[in-house]
Amino acid sequence: MAETTITFSGDASNVAKSVIYNVNHLYHLNNFDSPSMTLVNTVFDGRGYPGWRRSILLSLSAKKKLSFINGACQSPDLKSPEYEQWSCVNDMVISWILNALSKDIADSVIYSKTAKELWDSLEQRFGRSNGAKLYHLQKELSGLAQKNRKAKLTKSLEDQRLIQFLMGLNDIYAQARGNILMINPLPSMDVACSLLLQDKNQREVYANAHFNSQSISFMAAGEGKQPNAQLLTDFAAFMIT
């Protein structure tokens, strides 16, 4: 069975002491274990805590280091020859967990003295209570509600402006105005103006065709005969309007 030998320098007699740990010991670390190692592929950013938590627990279990976060492996006495190795493994576990956290969350727990203290903090904030989830959800819903209220207020003001504009139009736009008011929801001012311009262009086309038809009739009635003055006046007024 593989073993790890830890040498401690001395006590009052300055005699070196050695403590041997096998691979199954809580304090054992492999040669490839390092503080920069990442336990999981997903960095926890405040969302999906149950899945991330499960991955961390599996990884620590595989490394036989769960006892550092569940309280089973307590810190030895400061004078104990095992304290230095316990502290080394504890700091290693802390580093592994920090590497699996987003920067803002990691910064909030980076000063935890033990891996258990760090883990308990995460459990309290994201695991044991739904307070954080409810807070973020309520915040999102509140933001959406405010946006909806602003959008409704803006639309209401635009509709009022459109109605006032339509009320001030000449009666020749009565049909077009009625058609616009029947649209649900009411169109924007730009769309309404476009519809009114289309109506005006159609009436102008019809008026020009009607005028050309009357001109041909006048010419057929007699070359020296003058067109009806009132008709020309009415048409000019119509065109100007």
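**Reading D33, K65 and helix 3**

User: In this predicted model, with which side chain does the side chain of D33 make a polar contact?

Analyst: The side chain of D33 makes a polar contact with the side chain of K63, at 2.9 Å. As for its place in the chain, D33 lies in the loop between strand 2 (17-22) and helix 1 (49-62).

User: How should I read burial here, and is D33 buried or exposed?

Analyst: A residue is called buried when its relative accessible area is under 20%. D33 has a relative accessible area of 11%, and it is therefore buried. When its neighbours within four places in sequence are left aside, D33 is in contact with K63, M92 and W96.

User: Where is K65, and which residues is K65 in contact with?

Analyst: K65 is in the loop between helix 1 and helix 2 (67-70), and its relative accessible area is 3%, so K65 is buried. Leaving aside neighbours within four places in sequence, K65 is in contact with H25, L26, H28, L29, L60, V89, V93 and W96. With V93 in particular, the C-alpha atoms are separated by 7.6 Å, although the two residues are 28 residues apart along the chain.

User: How many of the residues of helix 3 are buried?

Analyst: Twelve of its 17 residues are buried, so helix 3 is largely enclosed by the rest of the structure; among the buried ones are V89, M92, V93 and W96. As to its span, helix 3 (residues 83-99) reaches 24 Å from its first C-alpha to its last, which is close to the 24 Å expected at 1.5 Å a residue.

Key. Residues are numbered from 1 along each chain as its sequence is written. This is a predicted model: local features need pLDDT of at least 70, side-chain atom pairs count only at pLDDT 80 or more; totals for chains, interfaces and linings use all residues. Side-chain values use heavy atoms; hydrogens and water are left out. Helices (H or I, at least four residues) and strands (E, at least two) are DSSP runs, numbered from the N terminus. Buried means under 20% relative accessible area, exposed over 50%, partly exposed in between (1.4 Å probe, protein chains only). A polar contact is a pair of N or O atoms within 3.5 Å; within protein, one must be able to donate a hydrogen and the other to accept it, and residues adjacent in sequence count only if both atoms are side-chain atoms. Contact means heavy atoms within 4.5 Å. The expected span of a helix is 1.5 Å times one less than its number of residues.
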